Amino acid sequence: MYRKIFTPSEQNSSIPFTIPQEWYGRPIEIIAFPVGAAELPQQVSVEQSRRKKREELLDKYLIDLSGFKFNRDEANDYGL
């Protein structure tokens with residue numbers, strides 16, 4: 001894999017792109033997309049909205065277990 005990050009200075013500017021010599025004569029794929037912090041807040045907001053929606057959905061099924069104590073003898077009593 002070969003990665004190069006650059007910042008274009010003008011619209012429709014040509015970008016010099018060099019590839020390793022061992023790739024000569026082989027098909028290659030070049031993908032260009034913007035990188036940076038601009039994408040992170042949107043992703044975080046999507047995650048936060050999904051989490052909030054899930055919590056709102058599940059809140060009605062909460063059970064208060066603050067006074068619960070597991071009793072092994074009661075759990076193993078099969079009434080025989």
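The exercises below, each with a worked solution, look at the surface and the largest pocket of one predicted model.

Residues are numbered from 1 along each chain as its sequence is written. In this predicted model, local features need pLDDT of at least 70 and side-chain atom pairs count only at pLDDT 80 or more, while totals for chains, interfaces and linings use all residues; side-chain values use heavy atoms, with hydrogens and water left out.

**Exercise 1.** Determine whether Met 1 and Tyr 2 are buried, partly exposed or exposed.

*Solution.* Start with the cut-offs: buried means under 20% relative accessible area, exposed means over 50%, and partly exposed lies in between (1.4 Å probe, protein chains only). Next, take Met 1, which has a relative accessible area of 92% and is therefore exposed. Then take Tyr 2, which counts as partly exposed because its relative accessibility is 35%. Finally, for the chain as a whole, 1% of the 80 residues count as buried.

**Exercise 2.** Find how far Met 1 is from Pro 20, in sequence and in space.

*Solution.* Along the sequence, the two residues are 19 residues apart. In space, the distance from C-alpha to C-alpha is 9.8 Å.

**Exercise 3.** Describe the lining of the largest pocket by residue class.

*Solution.* First, recall that Ala, Val, Leu, Ile, Met, Phe, Trp, Tyr, Cys and Pro count as nonpolar, Asp, Glu, Lys and Arg as charged, and the others, Gly among them, as polar. With these classes, the lining divides into 17 nonpolar residues, no polar ones and four charged ones.
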